[in-house]
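Colleague: Before I go back to the bench, could we go through this model together, one question at a time?

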Amino acid sequence: MLLAIDVGNTQTVIGVYDGEELAHMWRIATNKKHTADELRLKLMPLLASEGLDAARLRGAILASVVPQLTHGWQAAVRKLVGKEPLVCTADAAGPELFPTAYANPSEIGADRVADAVAARGLYGAPVVVVDFGTATNIEVIDCDGVFVGGIIAPGVETSASALFSHANRLSAIELEDPHTAIGGNTAQAIQAGIVYGEADRVDGLVKRVFDQLGYTAPVVATGGLAVRVAPLSQTITAVNSELTLEGLRRIYEARA
């Protein structure tokens, strides 16, 4: 079995693969202050809850966009699994899985690499990925299968938090479809602005991507809020909440 860990700024997604099948997946809050021992003690009960013995793990791969936690997760996995995890980078993926025209591939976040690898493998090329996380990332793979770049924008919850923290009379609400563009109350007005605004922003950016490419492509959404925003989008054609983990699995198998 393979352990795959995607450490994001807000959430950490952990998956266990049995061959090509994602057998188990968990989402936990990311805490940048956690030590290696604390991270290991988070992993152990998750595995135990599904009756999984760490001795059955043949390896692990780690994607982290939180530098403060990268070494801690490496140490935690090393102690739990008994071997060093593969750390996801553009170089680790290699030109076979991740051909790129990016000027400096080392700048590309591990989650972006994994998303691109999985999308290209599952949906072919061209393909566009929209990852709804702390940032909303848009990744573009052209018709030749090359990662040509993308877009990074503030995420849905990041934008909402900024609004609530700066507007004293507005309180946090559930980010869901208000079913009306014209809010009949403050909660609906905020939901329309944030949720519809995100869907329309993504559509506008994707259309600009299509204009620059000169052709359209499938658009795959992933990330925690994908299931809420994707149904409101005119350009998103598929939702795959396991995309990043699947990319990690493919990179590990290619390098194992």
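Modeller: Let us begin with a term: a nonpolar core is a set of buried Ala, Val, Leu, Ile, Met, Phe, Trp, Tyr and Cys residues joined through side-chain atoms within 4.5 Å, and buried means under 20% relative accessible area. Please keep in mind throughout that this is a predicted model.

Colleague: Which element gives the largest share of the largest nonpolar core?

Modeller: The largest nonpolar core has 29 residues, and those with the most contacts inside it are Cys88, Phe98, Val113, Leu245, Leu248 and Ile251. Strand 1 (2–7), strand 2, strand 4 (59–64), helix 3 (90–97), helix 4, strand 6 and helix 8 each give two or more residues to this core. The largest share, seven residues, comes from helix 4.

Colleague: How many residues are in the second, separate core?

Modeller: This core is separate from the one just described, and among its members are Val128, Ile138, Leu175 and Ala221. Its count is 25 residues.

Colleague: Is Met25 buried, partly exposed or exposed?

Modeller: Met25 is found in strand 3 (residues 21–29), and, leaving out residues up to four places away in sequence, it touches Val13, Ile14, Gly15, Glu242 and Leu245. The contact with Leu245 also appears from the other side, where Leu245 meets Ala4, Asp6, Val13, Ile14, Gly15, Tyr17, Leu22 and Met25 once its neighbours within four places in sequence are set aside. Buried would require under 20% relative accessible area and exposed over 50%. Because its relative accessible area is 33%, Met25 is partly exposed.

Colleague: What separation is there between the C-alpha atoms of Met25 and Val128?

Modeller: Along the chain, Met25 and Val128 are 103 residues apart. In space, their C-alpha atoms are separated by 24 Å.

Colleague: What covers the buried residues of helix 3?

Modeller: In helix 3, the buried residues are Ala90, Ala92, Ala93 and Gly94. As a general point, an α-helix has 3.6 residues a turn, so residues three or four places apart point the same way. What covers the buried residues of this helix includes strand 5 (86–87), helix 4 and helix 8.

Colleague: Which element gives the most to the lining of the largest pocket?

Modeller: The largest pocket has a volume of about 640 Å³, and of the 30 residues that line it, the closest to its centre are Gly8, Asp131, Phe132, Gly133 and Thr134. By class, this lining divides into eight nonpolar, 14 polar and eight charged residues. At least two lining residues come from each of strand 2 (11–18), helix 4 (110–123), strand 6 (127–132), strand 7 (135–141), helix 5 (156–166), strand 9 (219–223) and helix 8 (243–255). With three residues, the element that gives the most is helix 5.

Colleague: What is the volume of the second largest pocket?

Modeller: Val140, Val148, Gly149, Gly150, Ile151, Arg208, Val209, Gln212 and Leu213 line the second largest pocket, with strand 8 (147–154) and helix 6 (186–213) as the elements that give two or more residues. By class, the lining has five nonpolar, three polar and one charged residues. The volume of this second largest pocket is about 170 Å³.

Colleague: How much space lies in the largest cavity?

Modeller: The structure holds one cavity of 30 Å³ or more. Its lining consists of Thr12, Ile28, Ala29, Thr30, Asn31, His34, Leu39, Lys42, Leu69 and Trp73, and strand 3, helix 1 (36–49) and helix 2 (67–81) each give two or more of these residues. The space in the largest cavity is about 30 Å³.

Colleague: How many disulfides are counted?

Modeller: A pair of cysteine sulfur atoms counts as a disulfide within 2.5 Å. Cys88 counts as buried because its relative accessibility is 4%, whereas Cys143, at 44% relative accessibility, counts as partly exposed. By the distance rule, the count of disulfides is zero.

Colleague: Which peptide bond is cis?

Modeller: Pro126 lies in the loop between helix 4 and strand 6. With omega near 5°, the cis peptide bond runs from Ala125 to Pro126.

Colleague: Is His179 buried or exposed?

Modeller: His179 is found in the loop between helix 5 and helix 6, and its phi is near 60°, a positive value in a residue other than glycine. Because the relative accessibility of His179 is 68%, and exposed means over 50%, His179 counts as exposed.

Note on methods:
Residues are numbered from 1 along each chain as its sequence is written. This is a predicted model: local features need pLDDT of at least 70, side-chain atom pairs count only at pLDDT 80 or more; totals for chains, interfaces and linings use all residues. Side-chain values use heavy atoms; hydrogens and water are left out. On a 1 Å grid over the protein atoms alone, a cavity is a set of points where a 1.4 Å probe fits but cannot get out, and a pocket is an open set with protein on both sides within 12 Å along at least five of seven lines; lining residues have an atom within 4 Å of a point. Grid points are joined across faces, edges and corners, and a volume is the space filled by probe spheres set on the points. Helices (H or I, at least four residues) and strands (E, at least two) are DSSP runs, numbered from the N terminus. Ala, Val, Leu, Ile, Met, Phe, Trp, Tyr, Cys and Pro count as nonpolar, Asp, Glu, Lys and Arg as charged, and the others, Gly among them, as polar. Buried means under 20% relative accessible area, exposed over 50%, partly exposed in between (1.4 Å probe, protein chains only). Contact means heavy atoms within 4.5 Å.
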